[in-house]
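Hi,

Here's the structure I said I'd pass on. Have a look at it first, and my notes follow underneath.

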Amino acid sequence: MPAKEDNSRLAWSIGLGLAVLAAALYLARGGEGAPRTVAAAPPPAGGPQFLGALPREAGLPVPDGREERRRVLAEQVRETDQAYCSYLEGSKYPHESQPAARNPDQLYPNQPVTEMNPMRTQGGGSSDTVLLQTSQSRVYLAAGETVAFSLRAVDAKGQPVPLVVTRALAQGMTYGASRPTAQVSLPFADDGGGADPVANDGAFAGVLAPAQTGLAGFHGTIRTEVRYSAGGRSGFALFDVIYTPSLPAAWTGKVREASENGSLVFHLGLDVRQAGRYVVTGRVDDARGKPFALATFNEELGPGPQDVKLSVFGKLLTDGAPQLPLVLRDVDGYLLRENLDPDRLLLPRLEGKVYASKTGSAKGFSDAEWQSEERSRYLAEYGKDRNAARARLAAFDPGQPLPRSACAQPGK
């Protein structure tokens, strides 16, 4: 009986294996007539969906390289055009005759230099409660000129803090093996006299006149150190001036005006003692006192009587239309000493009004732009860069108009 059962089980296993094999062969041939099954959709992910479903017929967007190239070329056109137009506009007046608005830092050379800083104490520290107001009448000092210094201590609210000047010494700055210069003591007072305009206001003033001291022959930087006490602490202040001990030239006092090549020119007489390159600057106001132009002279001069010309360019006059007559004021200058320190010998300054023009009309002044080899050369180079940039853009995208020039020059 057991042998019969074993034979039955073997037959059943063989039959099952044949059935499975037949089913596999049937499916491998395509399963014709077999029912199709639909796979179940996978469950949605539990996390956030960072990327949406892709379109059925389109892939990821491809960057447009052509548009980026056109953007770069258009930017080159704008940059080169701006460089050309900026130089064209900025160079229509010569270097020696510029609008006052372009040089605001040079319009009032004789105004005092004022500062306010935390009080500097001995040992390199500073005070958090006391501020020091300082002023000096000038930085450059020609032979025979003087400079005034003043200082006042105040608190955070601007109220004066009692101050006492304990010492003030001026000395020329020397370096290396140079011998130290003499030390000059300066009196400071708050008495309403000399350089101090108001007595007992807490501001102390002193005057340095190098020509009247042991520093008369020194050429270079003179430093004045003022030691004081304020708010119960000791402090110090430093004042520097650059001094010229001898005059390379002197003004004769003769001034005249002329209309030359469509411009207004002021002629100033100068008696030159030391030949070389002289740089002279004058300020020109309109009839109402409004700064109009900065006139500069920069030329080589030989010894003897010479003529310094300060010009107001014709087109600057016609463009600006100032109220006439014009007034020349605050003229200063120096002899340039290249590769030397100090690099200049100062002329005596002409402070305030120097000359009032007799010209009452702009008639006869030229409205032509300044022309020179330098300007033509620079405009040619800037124009070459601009034209090349425009040509590249036109060749890349001939169907589109080129950007309009910022200076809108005909044919540009």
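Strand 11 (residues 249-260) pairs with strand 12 (residues 263-272) in the antiparallel sense, and nine bridges hold the pairing. This is a predicted model, by the way, so please read everything below with that in mind. If you want a spot to get your bearings in the pairing, find Ala250, which stands opposite Asp271 in strand 12. The two strands make a hairpin with two residues between them. In that turn, take a look at the backbone of Asn261, where phi is positive, at about 55°.

While you're in strand 11, stop at Val255. Is Val255 buried or exposed? Neither, really: its relative accessible area is 26%, so Val255 counts as partly exposed. Setting aside residues up to four places away in sequence, Val255 touches His267 and Leu268, plus Val354 and Tyr355. There's also a C-alpha separation of 9.9 Å between Val255 and Lys309, with the two positions 54 residues apart along the chain.

Next stop is Ser311, which sits in strand 15 (residues 304-312). With a relative accessible area of 17%, Ser311 falls under the 20% cut-off and is therefore buried. What is Ser311 in contact with, once neighbours within four places in sequence are left aside? The list is Glu96, Ser97, Ser263, Leu264, Val265 and Ala295.

Then there's an open sheet of five strands, in the order 4-10-9-6-7, with mixed pairing. Strand 4 (140-141) and strand 7 (183-185) are at the edges; each has a single partner strand, so one side of each has no neighbour in the sheet. Strand 4 runs parallel to strand 10 (residues 233-243), and two bridges join them. For a residue to click on there, Tyr140 stands opposite Ile242 in strand 10.

Last, the helices. Helix 2 (residues 65-90) packs with helix 4 (residues 373-396), their axes 9 Å apart and at an angle of about 160°. That angle is over 145 degrees, so helix 2 and helix 4 are roughly antiparallel to each other. The crossing of helix 2 past helix 4 is left-handed. As for what makes up this contact, its residues divide into 14 nonpolar, three polar and ten charged.

Cheers

Technical notes:
Residues are numbered from 1 along each chain as its sequence is written. This is a predicted model: local features need pLDDT of at least 70, side-chain atom pairs count only at pLDDT 80 or more; totals for chains, interfaces and linings use all residues. Side-chain values use heavy atoms; hydrogens and water are left out. Axes are lines fitted to C-alpha atoms, for helices over the stretch in contact, and angles run from 0 to 180 degrees between N-to-C directions. Helices (H or I, at least four residues) and strands (E, at least two) are DSSP runs, numbered from the N terminus. Angles under 35 degrees count as roughly parallel, over 145 as roughly antiparallel, 65 to 115 as roughly perpendicular and the rest as oblique. A crossing is left-handed if the near helix is turned anticlockwise from the far one by less than a right angle, and right-handed if clockwise. Ala, Val, Leu, Ile, Met, Phe, Trp, Tyr, Cys and Pro count as nonpolar, Asp, Glu, Lys and Arg as charged, and the others, Gly among them, as polar. Buried means under 20% relative accessible area, exposed over 50%, partly exposed in between (1.4 Å probe, protein chains only). Contact means heavy atoms within 4.5 Å. Two strands pair if DSSP finds at least two bridges between them.
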